[in-house]
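Biologist: I should like to go through this model with you, one feature at a time. Please give the reasoning behind each answer.

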Amino acid sequence: MLDDLKIIGELDKGGMFDLIYKFPDHCLEAVNIAKDVTSKIQFENILNVVITGMGGSAIGGDLVRMLAFKKSSIPIIVNRDYTMPSFVGNKTFVIASSYSGNTEETLAAYDEAKAKGAQIAVITTGGKLKEKADADNIPAIVVPAGLPPRAALGFSLFPILMLFQAMGIEIDGAANVEKPISLLKKMRDDYSPKTPEKNNPAKQLARKLFGKIPVIYGTANLTDVVAARWKGQMNENAKHPAFFNAFPELDHNEIMGYEGDIDLLKMLEIIILRSPNESERMKKRIEITRDILKEKVAGVTEIWPQGDSFLEHTLSHIMLGDYASAYLAILNNKDPKEIDFIDKLKEQMGD
Ligand SMILES: O=P(O)(O)OC[C@H]1O[C@](O)(CO)[C@@H](O)[C@@H]1O
């Protein structure tokens, strides 16, 4: 079934497999769009950065916050609210990111940032956010429209990376973006529908998760945001329940759940997203936990990233999770693109 996807039209242009395949192309296009804008911005005495957005637009901010965590000398906050933190002022750089440009929380947060005199840039395809930025003379990075927001990650992540580069906030691997993009291009061939399941780790992973509840574990400030992305992709693409948590916090509470009902636990497939940057103590903690859990659950799979830099590790984990979620959709007999429950909810909310 996974080796015969053509028959259900899933490879059509604009289908989820096509969009996942194009992730590296989106990243490159985003870099080219963003650099024209970022090169013209004057940053004045920035003391902190706030990225404001919701859903798929906020996760690009979370990823960059995670990537910058160990090296940035200034605080970076991701804000998912109508309002801004009270410290925001004229030495704050605010990045307002909304793919549609019409998300009410992000528009309200933008207005408050403006009123507080923050330095601002917006990332959007258009909508009211672009109108506001134009009226206020605020730099706007305008990315192509028409994608489901979760498939537009390249267009939210890379412009933020470029803004960070321009602000002088160092991110391992971001100085030469061609390298991670080439890695993604190699990986997409390995994971593509054309590569048979026996040689395709993404198809094999989907097969392992089919009929099980994935519990995805990352590590704080190394892979925790990627674990959240995997969970969201399993939910939205595969229509599959999934949960995530992160080391070391999970060892202080969640671990106790594994003393529970064995029949429930046998439904769980644990995925641990590893990183070569784990400290020795963290590595020891993860491995002890893994050995305790593997006796209790259906299975524990550890996934190591590809590439050399933190950015490459992060992108490689994302690409595997995206592909595995789309294959899991096929096994679940679902269209990875539809989001009927979200659409229904929005309709009933009167959005
Ligand atoms: O990027 P936008 O257009 O602000 O949307 C934010 C989020 O809201 C949603 O449209 C759901 O309401 C998501 O799909 C999206 O990630």
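Modeller: A residue is called buried under 20% relative accessible area, exposed over 50%, and partly exposed in between. The structure is a predicted model.

Biologist: With that in mind, is Asp-335 buried, partly exposed or exposed?

Modeller: Asp-335 is found in the loop between α12 (310–331) and α13 (340–349). Its relative accessible area is 37%. Buried means under 20% and exposed means over 50%, so with 37% Asp-335 is partly exposed.

Biologist: Which residues form a negative surface patch with Asp-335?

Modeller: Residues of such a patch need over 30% relative accessible area and no salt bridge. Asp-335 has a relative accessible area of 37%. The other members of the negative surface patch are Asp-340, Asp-343 and Glu-347.

Biologist: How many of the ten residues of α13 are buried?

Modeller: The helix α13 spans residues 340–349. This helix is hardly covered, and the count of buried residues among its ten is zero.

Biologist: Which residue with a positive phi follows α13?

Modeller: The helix α13 runs over 340–349. The residue that follows has a phi near 75°, and this residue is Gly-350.

Biologist: Which residue in the loop between α12 and α13 has a positive phi although it is not a glycine?

Modeller: The residue in question sits in the loop between α12 and α13, and its phi is about 60°. At 67% relative accessibility it counts as exposed, and it is Asn-333.

Biologist: What is the phi of Lys-239?

Modeller: Lys-239 is placed in the loop between α9 and β7. With a relative accessible area of 26%, Lys-239 is partly exposed. Although Lys-239 is not a glycine, its phi is positive, near 55°.

Biologist: Which two residues are joined by a cis peptide bond?

Modeller: The proline of this pair is in the loop between β7 (243–247) and α10 (262–265). Omega is about 0° for the cis bond, which joins Phe-247 and Pro-248.

Biologist: Let us turn to charge pairs. How many salt bridges does the structure hold?

Modeller: Side chains of opposite charge can pair when their charged atoms come close. In this structure the number of salt bridges is 22.

Biologist: How many residues apart in sequence are the partners Asp-111 and Lys-132?

Modeller: These two form a salt bridge, with their closest N and O atoms 2.9 Å apart. Asp-111 lies in helix α4 (residues 104–115) and Lys-132 in helix α5 (residues 127–136), so placed that the pair links distant parts of the chain. Asp-111 is partly exposed at 35% relative accessibility, and Lys-132 is partly exposed at 25%. The separation of the pair in sequence is 21 residues.

Biologist: Which partner in the salt bridge between Glu-236 and Arg-150 is buried?

Modeller: The closest N and O atoms of this pair are 3.4 Å apart. Glu-236 lies in helix α9 (residues 224–236) and Arg-150 in the loop between β5 (140–142) and α6 (153–167), so the salt bridge ties together parts that are 86 residues apart in sequence. Glu-236 is partly exposed, with a relative accessible area of 26%. The value for the partner is 7%, and therefore the buried one is Arg-150.

Biologist: Are Arg-274 and Glu-278 buried or exposed?

Modeller: The side chains of Arg-274 and Glu-278 meet in a salt bridge at 2.7 Å, N to O. They also belong to a network of salt bridges that links them with Lys-283, Glu-287, Arg-290, Asp-291, Lys-294 and Glu-302. Both Arg-274 and Glu-278 are buried.

Biologist: How far apart are the C-alpha atoms of Asp-4 and Pro-193?

Modeller: Asp-4 lies in the segment before α1 (16–21) and is partly exposed, with a relative accessible area of 39%. In sequence, Asp-4 and Pro-193 are 189 residues apart. In space, their C-alpha atoms are separated by 8.1 Å.

Biologist: What separates the C-alpha atoms of Ile-120 and Val-49 in space?

Modeller: Ile-120 is in strand β4 (residues 119–124), and at 5% relative accessibility it counts as buried. Along the chain, Ile-120 and Val-49 are 71 residues apart. Their C-alpha atoms are separated by 9.8 Å.

Biologist: Which domain does UniProt list for residues 37–174?

Modeller: Over residues 37–174 the chain is 38% helix and 18% strand. The end C-alpha atoms of this stretch are 17 Å apart. The UniProt entry, which is unreviewed, lists these residues as the domain SIS.

Notes: Residues numbered from 1 in each chain as written. Predicted model: local features only at pLDDT ≥ 70, side-chain atom pairs only at ≥ 80, totals over all residues. Heavy atoms only, no water. Patch = residues over 30% accessible without salt bridge, like charges linked within 9 Å, V, L, I, M, F, W, Y side chains within 5 Å. Areas by Shrake-Rupley, 256 points an atom, 1.4 Å probe, with all protein chains shown as cover. Salt bridge = Lys/Arg side-chain N within 4 Å of Asp/Glu carboxyl O. Lys, Arg positive; Asp, Glu negative; His and termini not counted. Charge placed at Lys NZ, Arg CZ, Asp CG, Glu CD. Helix = DSSP H or I, 4+ residues; strand = E, 2+ residues; numbered from the N terminus. Buried < 20%, exposed > 50% of the residue type's maximum accessible area, 1.4 Å probe, protein only. UniProt positions renumbered as here; feature names shortened; annotations may be inferred.
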